[in-house]
Amino acid sequence: MIELDKTTFEDEVLKAEGCVFVDFYGDGCVPCAALMPFVHACAEKYGDKLKFTALNTTKARRLAIGQKVLGLPAMAIYKDGAKVEEVVKDEATEANIEAMIQKYL
């Protein structure tokens, strides 16, 4: 799991070839904290096929807004630099996250 910030997001996600999973989370976001162990387990399980990253939106609010992340938790898949799918807020369940990951393996 690669921890992103506003200086590394472009290189690690927007300029990356292939698919990148981004976990947008925030300090004090209880659902984000609850999903984190599951997301890290997915990173271990699928990390050889898909790049897993995480961005703390509390420290990169402007970047998150620029990526149209307006609610948390938010998990997105980027392909060749473009966001192709995301699950946000109530949709961000373990089943939905796993299903989204499966599509891009």
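**Close-up views of helix α4**

**View 1. The two sides of α4.** On one side of α4, A95 and K103 are exposed. The other side holds the buried residues. In this predicted model, helix α4 spans residues 94–103, and its buried residues are I97, E98, M100 and I101. These four cover an arc of only 160° around the axis, which puts them on the same side of the helix.

**View 2. What the buried side of α4 packs against.** The buried residues of α4 pack against strands and a helix. The strands are β2 (19–25), β3 (51–56), β4 (74–79) and β5 (82–88). The helix is α2 (30–46).

**View 3. Helix α2 passing α4.** The axes of α2 and α4 come within 11 Å and cross at roughly 25°. An angle under 35 degrees counts as roughly parallel, so the two helices are roughly parallel to each other. The crossing of α2 past α4 is right-handed. From α2, the contact is made by L35, F38, C42, K45 and Y46. From α4, E94, I97, E98, I101 and Q102 take part. The residues of this contact divide into 6 nonpolar, 1 polar and 3 charged.

**View 4. E91 in the loop before α4.** E91 lies in the loop between β5 and α4. The residue is partly exposed, with a relative accessible area of 46%. Leaving aside residues up to four places away in sequence, E91 touches E86 and N96. P73 is 18 residues from E91 along the chain, and the C-alpha atoms of the two are separated by 9.1 Å.

Technical notes
Residues numbered from 1 in each chain as written. Predicted model: local features only at pLDDT ≥ 70, side-chain atom pairs only at ≥ 80, totals over all residues. Heavy atoms only, no water. Buried < 20%, exposed > 50% of the residue type's maximum accessible area, 1.4 Å probe, protein only. Arc of directions from axis to C-beta. Contact = heavy atoms within 4.5 Å. Axes fitted to C-alpha atoms, helices over the stretch in contact; angles between N-to-C directions. Parallel < 35°, antiparallel > 145°, perpendicular 65-115°, else oblique. Left-handed = near helix turned anticlockwise from the far one by under 90°. Nonpolar A, V, L, I, M, F, W, Y, C, P; charged D, E, K, R; others polar.
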